[in-house]
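Grab a pencil and work through the exercises below with the model open beside you. Each one sets a task and then walks through a solution.

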Amino acid sequence: MLSCYVVLRSLIQPYPLLLITLVSLLILAWRRHKYSKSWLVSVSVLVGMIWFLSTPIVAHFMLRTLEWRFERLQKWPSSCQTMVVLGGGYYHRPKEPLSARLSETTLHRCLETARLYHQFEQPRILVSGGQPKCDRPGPSLAQAMRTFLVELGVVETDLTLEEHSSTTFENSRETARLLNKMQINSIVLVTDAAHMGRARNCFEHFGILVIPASCHFQSSQFPSTWTWFIPNANALTRTDYAMHEWLGSLWYWLSGSI
């Protein structure tokens with residue numbers, strides 16, 4: 001009885017309801033033969049792909065292919081005294097142009113950075129993130145992250161900002177320049193587990209040795225069997241994130257960035 005309730009609750013969400021309605025209309029179109037077969041096949045394939053990519057089981061395994069190599073840092077490397085945390089985005093507040101709201105990924109990265117900072121003798125932290133949209137007034141992502149990290153108990157003088165990057169490759173390039181000036185060639189890198197592979201490759205491209213400190217694991221919990229193939233918007237977002245990382249890594253490789 002409980003399982004039926006879980007399935008029903010999953011089906012009556014806005015996204016699956018819209019997708020089920022679309023599939024129903026497509027079946028009706030096939031039965032009435034109102035459209036050409038090639039058009040119906042094309043639309044059916046498109047709808048099928050949307051359904052497939054929106055299922056929790058697909059999102060789980062796509063993220064798992066990125067995350068399985070990494071884990072949370074449990075022991076601080078004795079040869080490293082610097083931690084680099086990458087920004088993951090933020091949102092401007094229109095009525096408060098000098099403030100910003102950190103995105104979910106950035107919050108996870110800052111929380112993990114603060115945890116490591118307090119647990120392992122307060123290492124120096126380099127915060128990387130520029131201003132996503134230069135036409136809007138407001139702080140850089142690094143400045144917004146610094147404010148949050150200070151609220152989490154990080155001493156402000158232990159923070160160094162890199163404020164000129166807007167992509168992972170630029171994060172690594174601009175941060176590597178600062179690290180070279182500081183004569184540092186190894187870092188503890190904090191970012192999402194799914195993002196760690198691409199980020200580490202970028203830093204190593206510039207000769208920086210990376211010790212991964214992954215966070216925000218999204219495939220650690222296997223989805224409920226009753227909802228494996230029931231599409232939902234959250235699963236589609238997670239699939240999109242995984243595809244972004246795989247395509248980003250492919251593009252960086254083809255362009256010689258990693």
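## Exercise 1: Arg-198 and its surroundings

Arg-198 sits in helix α8. This is a predicted model, so keep that in mind as you go.

**Task.** Work out whether Arg-198 is buried or exposed, and find which residues it is in contact with once neighbours within four places in sequence are left aside.

**Solution.**
- Step 1: look up the relative accessible area, which is 7% for Arg-198.
- Step 2: compare that with the cut-off, since buried means under 20%. Arg-198 is therefore buried.
- Step 3: list the contacts, leaving out neighbours within four places in sequence. You get Thr-168, His-244, Glu-245, Gly-248, Ser-249 and Tyr-252.
- Step 4: pick one of these and check the backbone. Gly-248 is 50 residues from Arg-198 along the chain, yet their C-alpha atoms are separated by 7.7 Å.

## Exercise 2: Strand β1 in its sheet

**Task.** Decide how many of the residues of strand β1 are buried, then place β1 in the strand order of its open sheet.

**Solution.**
- Step 1: go through residues 82-86. Five of the five are buried, so β1 is largely enclosed by the rest of the structure.
- Step 2: sort the side chains by direction. In a regular strand they alternate between the two faces of the sheet. Here Thr-82, Val-84 and Leu-86 point one way, while Met-83 and Val-85 point the other way.
- Step 3: find the partner strands. β1 pairs with β4 (residues 124-128) in the parallel sense over five bridges, and three bridges join β1 to β6 (residues 186-192), again parallel.
- Step 4: match up individual residues. In β4, Met-83 faces Ile-125 and Val-85 faces Val-127; in β6, Leu-189 is the bridge partner of Val-84.
- Step 5: write out the order. The open sheet of five strands reads β5-β4-β1-β6-β7, with parallel pairing.
- Step 6: look at the ends. β5 (159-162) and β7 (209-215) each have a single partner strand, so one side of each is left without a neighbour in the sheet.
- Step 7: add the twist. Neighbouring strands of this sheet are turned by 25° against each other on average, direction ignored.

## Exercise 3: Helices on the sheet

**Task.** Find which strands α6 touches and which strands α8 lies across.

**Solution.**
- Step 1: take α6 (residues 141-151). This helix packs on the sheet and touches β1, β4 and β5, with its direction at about 160° to that of β5.
- Step 2: now take α8, which lies across β1, β6 and β7 and runs at about 145° to β6.

## Exercise 4: The largest pocket

**Task.** Give the volume of the largest pocket and say which helix gives the most to its lining.

**Solution.**
- Step 1: read off the volume, about 770 Å³.
- Step 2: go to the centre. The pocket has 35 lining residues, and the closest to the centre are Gly-88, Gly-89, Thr-105, Arg-109 and Tyr-241.
- Step 3: trace the lining back to its elements. At least two residues each come from β2 (90-93), α5 (104-119), α7 (168-181), α8 (193-205) and α9 (233-254).
- Step 4: pick the top contributor, which is α9 with 10 residues.
- Step 5: sort the lining by character, giving eight nonpolar, 21 polar and six charged residues.

Conventions: Residues are numbered from 1 along each chain as its sequence is written. This is a predicted model: local features need pLDDT of at least 70, side-chain atom pairs count only at pLDDT 80 or more; totals for chains, interfaces and linings use all residues. Side-chain values use heavy atoms; hydrogens and water are left out. On a 1 Å grid over the protein atoms alone, a cavity is a set of points where a 1.4 Å probe fits but cannot get out, and a pocket is an open set with protein on both sides within 12 Å along at least five of seven lines; lining residues have an atom within 4 Å of a point. Grid points are joined across faces, edges and corners, and a volume is the space filled by probe spheres set on the points. Helices (H or I, at least four residues) and strands (E, at least two) are DSSP runs, numbered from the N terminus. Ala, Val, Leu, Ile, Met, Phe, Trp, Tyr, Cys and Pro count as nonpolar, Asp, Glu, Lys and Arg as charged, and the others, Gly among them, as polar. Buried means under 20% relative accessible area, exposed over 50%, partly exposed in between (1.4 Å probe, protein chains only). Two strands pair if DSSP finds at least two bridges between them. Axes are lines fitted to C-alpha atoms, for helices over the stretch in contact, and angles run from 0 to 180 degrees between N-to-C directions. Contact means heavy atoms within 4.5 Å.
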